[in-house]
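Biologist: I have a model open and some questions about its fold and packing. Can you take me through them?

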Amino acid sequence: MQDYQHILLAADYSGHCGTVIRKAKALAHLYQAKLSAIHVLDNIPMPDTNYGTVIKLDIDIDSDEKLLEAEKDKFVQLCNRLAIDPANRWLVWGIPKQEIIQIAVQEQVDLIVAGSHGRHDLALLLGSTANSILHHTSCDVLAVRLQEE
Ligand code: AMP
């Protein structure tokens, strides 16, 4: 098997997210792979931009947009903790499954690491995002098994 060279962590900050993060980090270390991270903003109002708009992490935003500020902080902290290069951090507005696949293709990712479930669906065998990624991308996908607590 060829080593993975570029791993994309899909982080949703749900209760189990730590497990997914640890797996992605361990695999990146094991394969000495580039590690990227994506968080898709699907729960806060989108300002006057299109879906899929990449948000510049190094530019200040309007002080009214506290929610976005909090999301940015959380994401930057996570990426700093994982020593992810600023060029490999993706905070985007949109629909998680679509944006994760889009960035994976664009950045030539060869392994996506996501949770089997996140905030959306514990009822399904695979959460809606993990399921869609699995069926609509050509790279490998690791669905980290997360149990209901
Ligand atoms: P879900 O579809 O909510 O069951 O989520 C399954 C997995 O998809 C999560 O454990 C995350 O790895 C990923 N995911 C879901 N929503 C997002 C999001 N907004 N941003 C990044 N990754 C996500």
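The exchange below goes from the overall fold to one helix and one serine.

Modeller: This is a predicted model: local features need pLDDT of at least 70, side-chain atom pairs count only at pLDDT 80 or more, and totals for chains, interfaces and linings use all residues. Residues are numbered from 1 along each chain as its sequence is written, and side-chain values use heavy atoms, with hydrogens and water left out.

Biologist: What pattern does the protein follow along the sequence?

Modeller: Helices (H or I, at least four residues) and strands (E, at least two) are DSSP runs, numbered from the N terminus. The protein has four helices and five strands. Read in order, the pattern is β-α-β-α-β-α-β-α-β.

Biologist: Which element gives the most residues to the largest nonpolar core?

Modeller: A nonpolar core is a set of buried Ala, Val, Leu, Ile, Met, Phe, Trp, Tyr and Cys residues joined through side-chain atoms within 4.5 Å. Buried means under 20% relative accessible area, exposed over 50%, partly exposed in between (1.4 Å probe, protein chains only). Of the 28 residues in the largest core, Ile7, Leu9, Leu35, Leu82 and Val113 touch the most other members. The top contributor to this core, with seven residues, is helix 1.

Biologist: Which residues of helix 4 are buried, and what do they pack against?

Modeller: Thr129, Ala130, Ser132 and Ile133 are the buried ones. They lie on the same side of helix 4, because they cover an arc of only 165° around the axis (taken from the directions from the helix axis to the C-beta atoms). Contact means heavy atoms within 4.5 Å. The packing partners are helix 3 (96-106), strand 4 (111-115) and strand 5 (140-144).

Biologist: Which residues is Ser132 in contact with, leaving aside its neighbours within four places in sequence?

Modeller: Ser132 is found in helix 4 (residues 128-136). Ser132 has a relative accessible area of 14%, so it counts as buried. A polar atom of its side chain lies 3.0 Å from the backbone oxygen of Ser128. Beyond those sequence neighbours, the contacts of Ser132 are Lys97 and Ile101.

Biologist: How many disulfides does the count come to?

Modeller: A disulfide is a pair of cysteine sulfur atoms within 2.5 Å. Cys79 is buried, because its relative accessibility is 0%. Cys139 is buried too, with a relative accessible area of 14%. By the sulfur rule, the disulfide count is zero.

Definitions and conventions: Polar contact = N/O pair within 3.5 Å; in protein donor to acceptor, adjacent residues only side chain to side chain.
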